[in-house]
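Work through the exercises below with the sequence and the structure side by side. Try each task before reading its solution.

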Amino acid sequence: MASLERNNKILLDLARQPGNNLCADCGAPEPDWASYTLGIFVCLNCSGMHRNLPAVSKVKSIRLDRWEDSLVEVKRGNSYAKAVYEKCVPAFYYRPQQRDCIVLKDQWIRAKYERREFTGENNYSQHAYSSGDYPSTLWKKGKDNKQFLKRIFLLSRKDFTLRYFIKEDSKVPKAVISMKDLNAVFQPEKINHAHGLQISYLHDERMRNLFVYHEDGQIIVSLFNAIRATRLAYLQRKHPTLRDNDLIPLIATHCLKEGYMEKTGPTQREPFKKRWFILCSKNRKLLYFKTPLDATELGAVFIGTESHSYRVESSGRGTRVGRWHYGITLQTPGRQFVFMCEQEQEQREWLEAFRKVISQPMTPEDYANEANLRRGK
């Protein structure tokens with residue numbers, strides 16, 4: 001018994017050391033599980049995914065389980081494991097963080113330890129993600145209905161496009177999407193599928209959304225990383241003087257905040273209508289849709305800086321309100337917008353997101369976007 005207690009203390013001390021004090025797979029702080037076959041410390045969530053790989057990884061709690069002397073070999077630690085299993089991770093490959101969805105973390109763990117994609121033993125990553133064409137068959141939501149139908153997607157590195165076709169033998173694509181404005185993010189809760197991926201792009205100066213999924217997690221995550229590889233190649237050609245470290249943050253955009261608010265019209269005498277809003281700091285736009293799964297935006301509001309007469313503040317219950325009572329007033333040079341939130345917490349989150357965008361300096365591209373929106377383009 002004394003030996004077992006001593007082993008748990010050894011492991012707890014090791015888990016506090018630099019490198020081991022963060023989950024080896026998602027970076028979550030204070031991991032209290034360990035894989036005694038891989039010699040790594042992981043968080044509770046990632047330990048569950050390791051249990052799905054019994055031939056590769058066996059995990060135990062460093063607090064609750066008993067550790068025999070023969071199993072206390074985790075002294076190699078996370079830094080050693082990263083040097084082996086993450087030796088050749090491509091620059092474009094997305095490394096999941098604590099808050100990322102399960103399929104991203106699960107496939108990252110499988111790619112590292114089960115398929116050993118990044119050990120340098122083979123050229124898997126180079127061949128899988130850097131080939132000229134990358135075909136996929138996905139389930140895609142219809143533009144005007146809720147039905148998901150099979151569609152053929154073809155990602156091309158030759159001309160930096162993503163095409164999709166209605167049928168396998170279709171000669172003409174339904175859409176040709178340029179890598180210039182393409183953005184891909186996982187949205188499992190919004191799409192109501194664990195492998196749900198949202199692909200967004202500009203079409204006639206309006207945001208167009210495609211909602212897709214595949215039943216196989218490896219296939220959808222591989223496509224996601226292939227898109228990232230193609231986006232990086234496009235950015236490298238567009239910005240030949242910039243380093244990869246400068247380009248990686250430009251591959252994809254994550255919105256600051258999205259959710260329902262109520263909005264009224266320009267005279268503020270129109271009835272309040274419930275709309276789905278998305279606020280993005282990269283293009284400084286507040287987009288709104290009728291529902292979360294709308295294919296095309298209903299409209300957009302540019303968010304400039306305070307020095308250009310943009311400001312936001314909370315507002316209480318007015319004489320004309322909708323069903324919700326936590327108000328936000330957004331002032332722009334051309335109009336005052338009034339939004340209503342259902343909960344006070346949502347009001348605070350939206351205010352914080354708006355203020356973050358307003359506090360950021362505008363770039364030359366931002367000025368051009370603002371001018372385009374004012375002209376109604």
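**Exercise 1: a residue and its core**

Task: Find which residues are in contact with Tyr93, leaving aside its neighbours within four places in sequence.

Solution: Taking contact as heavy atoms within 4.5 Å, we find that Tyr93 touches Gln107, Trp108, Ala111, Phe118, Tyr129, Asn225 and Arg228. The model is a predicted one, in which local features need pLDDT of at least 70 and side-chain atom pairs count only at pLDDT 80 or more, while totals for chains, interfaces and linings use all residues. Residues are numbered from 1 along each chain as its sequence is written, and side-chain values use heavy atoms, with hydrogens and water left out.

Next, place Tyr93 in its wider setting: it is among the residues with the most contacts inside the largest nonpolar core, which has 43 residues. Such a core is a set of buried Ala, Val, Leu, Ile, Met, Phe, Trp, Tyr and Cys residues joined through side-chain atoms within 4.5 Å, where buried means under 20% relative accessible area, exposed over 50% and partly exposed in between (1.4 Å probe, protein chains only). Helix H7 gives the most to this core, with 11 residues. Another core, of 19 residues, lies apart from it and includes Phe337 and Trp350.

**Exercise 2: two helices that cross**

Task: Determine at what angle the axes of H4 and H7 cross, and which residues make the contact.

Solution: Helices here are DSSP runs (H or I, at least four residues), as strands are (E, at least two), numbered from the N terminus. The axes of H4 (residues 102-114) and H7 (residues 217-238) come within 10 Å and cross at roughly 95°. That makes H4 roughly perpendicular to H7, a label given to angles of 65 to 115 degrees. On the H4 side the contact is made by Val103, Leu104 and Gln107, and on the H7 side by Gly217, Gln218, Ile220, Val221 and Phe224.

**Exercise 3: an aromatic pair**

Task: Describe how the rings of Tyr36 and Trp67 are arranged, and what the pair ties together.

Solution: Rings of Phe, Tyr and Trp (its six-membered ring) pair if their centres lie within 6.5 Å, and planes over 60 degrees apart count as edge-to-face. Tyr36 and Trp67 are edge-to-face, at 5.9 Å centre to centre and 85° between the planes. Tyr36 lies in the loop between strands S1 and S2 and Trp67 in the loop between strand S3 and helix H3, so the pair ties together parts that are 31 residues apart in sequence. Finally, Trp67 counts as buried, at 0% relative accessibility.

Conventions: Axes fitted to C-alpha atoms, helices over the stretch in contact; angles between N-to-C directions. Parallel < 35°, antiparallel > 145°, perpendicular 65-115°, else oblique. Phe/Tyr/Trp six-rings, centres within 6.5 Å; stacked < 30°, edge-to-face > 60°.
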